[in-house]
Amino acid sequence: MKVAIASGKGGTGKTTVAVNLARVLDGSAQLLDCDVEAPNAHLFLRGTIEASHPITIPVPQIDTERCALCGACGAFCAYHAIVVIKPEPIVFPELCHGCGGCMKVCPENAISEVDKSIGVVESLTANGVPLTLGRLDVGVAMAPPLIRAVLDHRRPSLHTLIDAPPGTSCPVM
């Protein structure tokens with residue numbers, strides 16, 4: 001069984017419902033707190049963090065010596081994370097979605113990728129309930145990759161309860 005507890009706005013009791021369902025299922029369910037901007041299930045299910053994993057996304061790094069300022073990378077990027085102007089291109093890592101397309105279209109092979117931290121995934125067991133939560137780094141606007149990392153910790157042998165982020169935007173979807 002996999003159940004997502006979601007709502008179109010915050011403050012409606014999603015976490016309260018998720019935590020209480022997890023407790024009622026008495027160890028046969030895991031809880032995934034996917035509200036990575038404000039995780040709070042751990043406040044109701046207290047436990048000690050057993051594992052913590054940093055989560056990164058690849059962002060472009062341009063070798064300005066090799067770059068011919070052709071603009072292919074900037075034209076490819078749907079999120080405008082690269083702007084090609086003289087004397088050298090500018091990368092906006094906070095806009096990058098980590099797709100790697102800019103690197104593939106660069107005819108000069110002037111683009112490589114470096115990891116940019118977006119947050120951390122923490123796991124703990126609290127009152128017999130396995131809990132995994134994500135914590136988005138301050139100032140990071142890209143929650144979906146961190147939410148996917150939390151969901152990757154799903155254990156198929158257990159029922160899964162997902163405390164969804166509030167609203168109807170990309171992180172919820």
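Modeller: Contact here means that heavy atoms lie within 4.5 Å of each other. The model under discussion is a predicted one.

Biologist: Leaving aside its neighbours within four places in sequence, with which residues is Val-36 in contact?

Modeller: Val-36 is one of the two residues with the most contacts inside the largest nonpolar core, a set of 20 residues, and the other is Leu-146. Once the neighbours of Val-36 within four places in sequence are set aside, its contacts are Gly-134, Arg-135, Leu-136, Ala-143, Leu-146, Ile-147 and Val-150.

Biologist: Which element gives the most residues to the largest nonpolar core?

Modeller: The largest nonpolar core has 20 residues, and the elements that give two or more residues to this core are E3, E6 and H5. Apart from this core lies another one of 14 residues, which includes Ala-18, Val-19, Ala-29 and Leu-31. The greatest contribution to the core of 20 residues, at four residues, is that of H5.

Biologist: Against which strands do the buried residues of H5 pack?

Modeller: Helix H5 covers residues 144–151, and its buried residues are Pro-145, Leu-146, Ile-147, Ala-149 and Val-150. The strands against which these buried residues pack are E2 (29–33), E3 (49–62), E6 (111–126) and E7 (129–136).

Biologist: In what order do the six strands of the open sheet follow one another, and which are the edge strands?

Modeller: The sheet is open and its pairing is mixed, with its six strands in the order E1-E8-E2-E7-E6-E3. A strand at the edge pairs on one side only, and this holds for E1 (2–5) and E3. Direction ignored, neighbouring strands of the sheet are turned by 20° against each other on average. The order is thus E1-E8-E2-E7-E6-E3, with the edge strands E1 and E3.

Biologist: What angle does the direction of helix H1 make with that of E8, and what angle does the direction of H5 make with that of E6?

Modeller: Helix H1 (residues 14–24) packs on the sheet and touches E1, E2, E7 and E8 (159–163), its direction making about 165° with that of E8. H5 also packs on the sheet, where it touches E2, E3, E6, E7 and E8. The angle for H1 with E8 is about 165°, and the angle for H5 with E6 is about 45°.

Biologist: Over how many bridges do E3 and E6 pair, and over how many do E6 and E7 pair?

Modeller: Both pairings are antiparallel, that of E3 with E6 and that of E6 with E7. Between E3 and E6, Ala-51 stands opposite Ser-123, and Pro-54 has Val-120 as its bridge partner in E6; between E6 and E7, Val-121 has Gly-134 as its bridge partner. The number of bridges is 13 for E3 and E6, and for E6 and E7 it is eight.

Biologist: Which side chains meet in a salt bridge, and at what N to O distance?

Modeller: The structure holds one salt bridge. Its partners stand 13 residues apart, one in strand E7 and the other in strand E6. Arg-135 counts as partly exposed, at 29% relative accessibility, whereas Glu-122 is buried, with a relative accessible area of 9%. The side chains that meet are those of Arg-135 and Glu-122, and the N to O distance is 2.8 Å.

Biologist: How far from buried Asp-35 is the nearest side chain of opposite charge?

Modeller: Asp-35 is placed in the loop between E2 and helix H2 (41–44). Leaving aside neighbours within four places in sequence, its contacts are Gly-134, Asp-163, Ala-164, Pro-165 and Pro-166. A salt bridge requires a nitrogen within 4 Å of a carboxyl oxygen, and Asp-35 has none, the nearest side chain of opposite charge being that of Lys-14, at a distance of 6.0 Å.

Biologist: What is the phi of His-80, and what is the phi of Asn-127?

Modeller: Most residues other than glycine have a negative phi. His-80, in the loop between helix H3 (72–76) and E4, is exposed, with a relative accessible area of 55%, while Asn-127, in the turn of the hairpin that E6 and E7 form, counts as partly exposed at 49% relative accessibility. Phi is positive in both cases: for His-80 it is near 60°, and for Asn-127 it is near 50°.

Biologist: Which peptide bond is cis, with omega near 10°?

Modeller: Most peptide bonds are trans. The loop to examine is that between strand E4 (82–83) and strand E5 (90–91), where Pro-87 lies. The cis bond runs from Lys-86 to Pro-87.

How values were computed
Residues numbered from 1 in each chain as written. Predicted model: local features only at pLDDT ≥ 70, side-chain atom pairs only at ≥ 80, totals over all residues. Heavy atoms only, no water. Buried < 20%, exposed > 50% of the residue type's maximum accessible area, 1.4 Å probe, protein only. Core = buried A, V, L, I, M, F, W, Y, C linked by side-chain atoms within 4.5 Å. Lys, Arg positive; Asp, Glu negative; His and termini not counted. Pairing = 2+ DSSP bridges. Axes fitted to C-alpha atoms, helices over the stretch in contact; angles between N-to-C directions.
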